[in-house]
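This report is meant for someone meeting the structure for the first time. It moves from the whole chain to a few chosen residues.

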Amino acid sequence: MQSLWSARKQALWANLAARPEGTQIWSTDVAVPLSRMAELIDISKERAKDLGLFASVLGHVGDGNFHQVVMYGPDREEERKAVEDCINVMMDRALEMEGTVSGEHGIGLGKKHCLEKELGPATIGVMKALKETLDPHWILNPGKVFDQ
């Protein structure tokens, strides 16, 4: 068990070691029901392959969560946009498969545009009302999950 867990923990460092000089890593995760996981991994890998960039997938197969890592040139706007589109399609597909846009790392800044798609306006309204009540000055994690 320790060997398997160690391999999982080392995956990011292995990706970083393989990263071509001058590139950045776009890493994100989604989660889907286990019955759909292999399908979404195949779709995601194929879309990333079409980018012509180095990409890898790893995951927590037992809970339906997987991560896609794509390496891109941050100075090449077209390339960055293509990676962003690839990741957005992966998140949309996860939602279509009754999954979630984040199985582990949260919404933060990068996925807040997906939150309403996943939860709907009524749930977002409740979440914002709680935020306003508990943090009326928006000093806790400003800009994360919601904009004021």
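A residue counts as buried when its relative accessible area is under 20%, as exposed when that area is over 50%, and as partly exposed in between. Arginine 36, with a relative accessible area of 30%, is therefore partly exposed. The model is a predicted one, and the values in this report are computed from it.

## The chain as a whole

The protein has 5 helices and 3 strands, and from the N terminus on these elements follow one another in the order α-β-α-β-β-α-α-α. Along its principal axes, the C-alpha trace spans about 45 × 40 × 30 Å. Of the 148 residues of the protein, 32% count as buried. When contacts with a separation of 6 or more are considered, 64% of them are accounted for by residues that are 24 or more positions apart.

An unreviewed UniProt entry places the feature "domain: FAD-binding oxidoreductase/transferase type 4 C-terminal" at residues 2–145. In the model, the C-alpha atoms at the ends of residues 2–145 lie 35 Å apart, and this span is 53% helix and 15% strand.

## Helix α2 and two of its residues

Arginine 36, already introduced as partly exposed, has its place in helix α2, which covers residues 34–51. Its C-alpha atom is separated by 8.4 Å from that of glycine 64, although these residues are 28 residues apart along the chain.

Leucine 51 also lies in helix α2, and with a relative accessible area of 25% leucine 51 is partly exposed. Which residues does leucine 51 touch, if residues up to four places away in sequence are not counted? They are Val70, Ala82, Val83 and Cys86. Between leucine 51 and glutamate 118, which are 67 residues apart along the chain, the C-alpha separation is 26 Å.

## The cysteines

Cysteine 86, touched by leucine 51, counts as buried at 4% relative accessibility. Cysteine 114 is likewise buried, with a relative accessible area of 1%.

Why does the structure hold 0 disulfides? A disulfide is a pair of cysteine sulfur atoms within 2.5 Å. The cysteine sulfur closest to that of cysteine 86 belongs to cysteine 114 and is 13 Å away, so the two are too far apart for a bond. Seen from the other side, the sulfur of cysteine 114 has its closest cysteine sulfur in cysteine 86, again at 13 Å and too far for a bond.

## How α4 meets α5

Two packed helices are described by the angle between their axes and the distance between the axes. For helix α4 (residues 112–119) and helix α5 (residues 121–134), the axes come within 7 Å and cross at roughly 120°, which means that α4 is oblique to α5. On the side of α4 the contact is made by Leu115, Glu116 and Leu119, while α5 contributes Pro121, Thr123, Ile124 and Met127. Sorted by character, the residues of this contact divide into 5 nonpolar, 1 polar and 1 charged.

## The segment after α5

Three residues from the segment after α5 are described here, and the table sets out how accessible each of them is.

| Residue | Place | Relative accessibility | Class |
|---|---|---|---|
| Histidine 137 | segment after α5 | 64% | exposed |
| Tryptophan 138 | segment after α5 | 8% | buried |
| Valine 145 | segment after α5 | 25% | partly exposed |

Histidine 137 counts as exposed because its relative accessibility is 64%. Its C-alpha atom is separated by 37 Å from that of tyrosine 72, and the two residues are 65 residues apart along the chain.

Most residues other than glycine have a negative phi. Tryptophan 138, however, has a positive phi of about 55° although it is not a glycine, and tryptophan 138 counts as buried at 8% relative accessibility. Valine 145 is another residue other than glycine with a positive value, its phi being near 70°, and with a relative accessible area of 25% valine 145 is partly exposed.

How values were computed. Residues numbered from 1 in each chain as written. Predicted model: local features only at pLDDT ≥ 70, side-chain atom pairs only at ≥ 80, totals over all residues. Heavy atoms only, no water. UniProt positions renumbered as here; feature names shortened; annotations may be inferred. Helix = DSSP H or I, 4+ residues; strand = E, 2+ residues; numbered from the N terminus. Buried < 20%, exposed > 50% of the residue type's maximum accessible area, 1.4 Å probe, protein only. Axes fitted to C-alpha atoms, helices over the stretch in contact; angles between N-to-C directions. Parallel < 35°, antiparallel > 145°, perpendicular 65-115°, else oblique. Contact = heavy atoms within 4.5 Å. Nonpolar A, V, L, I, M, F, W, Y, C, P; charged D, E, K, R; others polar.
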